[in-house]
Number of protein chains: 2
Amino acid sequence: MSVRIGLVGLGTIARAQHLPAIADTDGVTLAAIASRNAALDNVPCHRDIVALLAAEDAVNAISLCTPPQGRFDQAMAALRAGRHLMLEKPPGATLSEVHALADEAARRGLTIFATWHSREAAAVQAARDWLATRNLEKVRIDWCEDVRKWHPGQDWVWRAGGLGVFDPGINALSILTALVPGVLLTGADLHIPQGRETPIAADLGLRAGDTVIDAHFDWRQQGDELWRIRFDTDDGSLTLDQGGAVATVDGQPLAQGENREYARLYARFRDLVAAGESEVDLAPLRLVSDAFLTGTPHVTEPFTE
Amino acid sequence: MSVRIGLVGLGTIARAQHLPAIADTDGVTLAAIASRNAALDNVPCHRDIVALLAAEDAVNAISLCTPPQGRFDQAMAALRAGRHLMLEKPPGATLSEVHALADEAARRGLTIFATWHSREAAAVQAARDWLATRNLEKVRIDWCEDVRKWHPGQDWVWRAGGLGVFDPGINALSILTALVPGVLLTGADLHIPQGRETPIAADLGLRAGDTVIDAHFDWRQQGDELWRIRFDTDDGSLTLDQGGAVATVDGQPLAQGENREYARLYARFRDLVAAGESEVDLAPLRLVSDAFLTGTPHVTEPFTE
């Protein structure tokens, strides 16, 4: 069965990642678009998801690339119209929302896929295989980037619900929870610029059994990004770098490859639809929620764009 | 099969509620105690749960009345020793913790029961029955008490992770989510005293389908407590008052009764153990987490005891 996608939201991530990934994936086709401001040639374009669902009976799946804050009503509309559903990360503005969507999909026998694109980075599977035969002692996450480069002028990231530095940091947590089972938060320090509502940096203490995990997320990075996770085991250290694209063991190359994150997500979505299954792993968003619930806030110097 | 309880933590809630409830419940007996500072006559007493588990083979279930911050390791120790587990509200300091406990219990075929005592208040079932045949239009929650009366000198409620006014407020959310399915948070204002880390008051916007729900939690109440939920339907208004002990419809009495909250919890625990089932409903803690994740913080005047 072919998955005929209605893509909702035609921003940066849709154009840079979703469109080429859909074009590259067998059994998945772009059937329609919904976007308030943009259009594509040769594809039916609608103003919003309501118009798309009403007009496009042949669309059997919706992929949502809109910001998480307004996504719930769109997602519920898709499910109520009997369409399968794929969600960009994070899958919703709140955990309760995503539970409600998963329940609705289950009731209707539809597929829902809450994606975590970083889990599909080129070297993540090799890291999983390498770690499987070793005892993990310590993990260190450094996830640092320049917010002015990655979110220029995006005021919403600083408003309550925008997640702040957890917007990129949740990618690290998605890789961590895919490779290490049973991760718990033990403490968090949230550094919030004066006059803003979300953290510009965060330090998390985590653990998984006896494994100690430290994470440092920082949006004040100057120069190149640092998206790195280091796993220390009883038999060497593995470093995942460049957001999971490259793995080295004690400095020697283990794996790397071209970026096929979104193509893998669409292939997985196709397979889930074919199997009549769903995948909603909320562990990364749960850890972020735990950090907001129990973290200690600290006021830092004002951030100006 | 008899449930032979090891009670961990012998503070106010244990003495006022758990001990009499256990004594009142058929098929449930108090077999041992763990407490650092206190002891009971005629019951084996241990310094901590590790000593209790090592010494008391006949204890087949643990009931935890210790504060949620340190509860995870105790809970995991109980499950790993093959004992069923009953948890006071809230069931953990974080959502991830409780998921890990539920997974562990399922792996071992043990019962875990995350209790919400307010759901067992005398008039809650009558309210559920009354609401079942009506269309709910609007809900208003007022949950106001004097923190100086209910948490005198308890500094931990003001530290990150202590939940602040959500410590009582989660009781209201536990009743709400038991009576109304699909509750989502739409916005939150968190009022945090200068120099403290948790809210002294909170205003939540929620919804369930088209039903609009407002909640006001406040620890600055003077005089009597106000623990009230009002349900407006297309066929009259029901008010649950006194924390769920009393229900009135348009001012006329509908139901009330003596407080049997904890006796009902222990009877339910006994039945869950007998049936080999578990009950872990995280909806109330999820809504609190959603409020911390997406709520707007406001600094209010300092609180002094």
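Here is a friendly chat about the predicted model shown above.

Colleague: Hi! What should I know before I look?

Modeller: This is a predicted model, where local features need pLDDT of at least 70, side-chain atom pairs count only at pLDDT 80 or more, and totals for chains, interfaces and linings use all residues. Residues are numbered from 1 along each chain as its sequence is written, chains are lettered from A and ligands numbered from 1 in the order in which they are written, and side-chain values use heavy atoms, with hydrogens and water left out.

Colleague: Cool. Which rotation superposes chain A on chain B?

Modeller: A rotation of 180 degrees, with 0.0 Å of shift along its axis, and the RMSD is 0.0 Å. That is the relation of a two-fold axis. The fit is by least squares on the C-alpha atoms of residues with pLDDT of at least 70 in both copies.

Colleague: New topic: how do α1(A) and α8(A) pack?

Modeller: Helix α1 (residues 12-24) and helix α8 (residues 261-275) of chain A pack at about 55 degrees, their axes 8 Å apart. Helices are DSSP runs of H or I with at least four residues, numbered from the N terminus. Axes are lines fitted to C-alpha atoms over the stretch in contact, and angles run from 0 to 180 degrees between N-to-C directions.

Colleague: Which residues of α1(A) make the contact?

Modeller: A:Ile13, A:Gln17, A:His18, A:Ala21 and A:Ile22, which meet A:Tyr262, A:Ala263 and A:Tyr266 of α8(A). Contact means heavy atoms within 4.5 Å.

Colleague: And what order do the strands of the open sheet in chain B have?

Modeller: The six strands run β3-β2-β1-β4-β5-β6, with parallel pairing. Strands are DSSP runs of E with at least two residues, and two of them pair if DSSP finds at least two bridges between them.
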